[in-house]
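Let's take a walk through this one together, starting from the inside and working outwards. Have the sequence and the 3D view at hand as you read.

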Amino acid sequence: MSWRRAAAGAAALAVALAALAQESSIDLAAGVGKDKVVAYCSSCHSLDYIQMNSPFPDRKLWEAEVNKMIKVFGAPIPPGEIGAMVDYLTKHYGR
Ligand code: HEC
């Protein structure tokens, strides 16, 4: 392994650790449906994906986003929970 590679590896690790440290501090707005969003949306990626997109999506877009997580990425979200989660996302992170 060259020194360049070793340095790149160390830098990548530092970035990953910083991301981990940040993740624990993410707290979504309090509201109806928050528990579901936290439970179903944080298993694959950090909840800051939601904050990053705020406040631009309207209800239709959040609905499409949640459905994309289910259909494209295989998120195990029961169909009966989608409505409450989209309500929450639209109210707190949409327009
Ligand atoms: C099964 C794994 C999984 C679950 C569960 C999941 N996501 Fe995702 N999500 C992904 C992947 C994979 C990406 C895109 C790749 C990346 O950038 O990391 C992504 C990306 C996103 C993005 C960025 C925009 C985009 O479309 O790429 C948002 C916003 C998002 N997810 C919101 C949610 C919300 C809200 C939930 C809960 C309803 C959720 N995710 C649950 C896998 C998941």
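Start in the middle: the largest nonpolar core is made up of ten residues, namely L28, V37, C41, I50, W62, V66, M85, V86, Y88 and L89. Helices α2, α4 and α5 each put at least two residues into this core, and α5 gives the largest share, with four. Keep in mind that you're looking at a predicted model.

Now step back to the whole chain. It has five helices and zero strands, so if you read the elements off from the N terminus, you just get α-α-α-α-α, helices being counted here as DSSP runs of at least four residues. Of the 95 residues, 12% count as buried. Look at the contacts with a separation of 6 or more, and 68% of them turn out to be between residues 24 or more positions apart.

One residue of the core is handy for seeing such contacts. Setting aside neighbours within four places in sequence, which residues does I50 touch? I50 is in contact with L28, C41, L89 and Y93. Of these partners, L28, C41 and L89 belong to the core just described, as does I50 itself.

Next, pick out helices α2 (residues 34-41) and α5 (residues 79-93). When two helices pack, the usual description is the angle between their axes together with the distance between the axes. For this pair, the axes come within 9 Å and cross at roughly 105°. Angles of 65 to 115 degrees count as roughly perpendicular, and that's why α2 and α5 are described as roughly perpendicular to each other. On the α2 side, the residues involved are K34, K36, V37 and Y40, and they meet E81, A84, M85, Y88 and L89 of α5. By class, the contact has six nonpolar and three charged residues, with no polar ones. V37, M85, Y88 and L89 should look familiar, since they are also core members.

Then there's the ligand. It is surrounded by 17 residues, and the closest are C41, C44, Y49, F73 and A75. C41 is a name you've already met, as one of the core residues. Where does the rest of the shell come from? Helices α2, α3 (48-53) and α4 (59-71) each supply at least two residues, and α4 gives the most, with four. Sorted by class, the shell around the ligand has eleven nonpolar, four polar and two charged residues.

Finally, follow the chain into the loop between α3 and α4, where you'll find S54 and P55. Most peptide bonds are trans. The one joining S54 and P55 is cis, with omega about 0°. Is S54 buried or exposed? Something in between: S54 has 15 other C-beta atoms within 10 Å, which makes this residue partly exposed. Its C-alpha atom is 5.8 Å from that of G94, although the two residues are 40 apart along the chain.

G94 also makes a useful landmark for K60, which is found in helix α4. Here the C-alpha atoms are separated by 10.0 Å, with the two positions 34 residues apart along the chain. K60 has 11 other C-beta atoms within 10 Å, and since 12 or fewer counts as exposed, K60 is exposed.

Note on methods: Residues are numbered from 1 along each chain as its sequence is written. This is a predicted model: local features need pLDDT of at least 70, side-chain atom pairs count only at pLDDT 80 or more; totals for chains, interfaces and linings use all residues. Axes are lines fitted to C-alpha atoms, for helices over the stretch in contact, and angles run from 0 to 180 degrees between N-to-C directions. Angles under 35 degrees count as roughly parallel, over 145 as roughly antiparallel, 65 to 115 as roughly perpendicular and the rest as oblique. Two residues are in contact if their C-beta atoms, placed from the backbone, lie within 7 Å. Ala, Val, Leu, Ile, Met, Phe, Trp, Tyr, Cys and Pro count as nonpolar, Asp, Glu, Lys and Arg as charged, and the others, Gly among them, as polar. A residue is near a molecule or strand if its C-beta atom, placed from the backbone, lies within 6 Å of it. A nonpolar core is a set of buried Ala, Val, Leu, Ile, Met, Phe, Trp, Tyr and Cys residues joined through C-beta atoms within 7 Å. A residue is buried if 20 or more other C-beta atoms lie within 10 Å of its own, exposed if 12 or fewer, and partly exposed in between; C-beta atoms are placed from the backbone.
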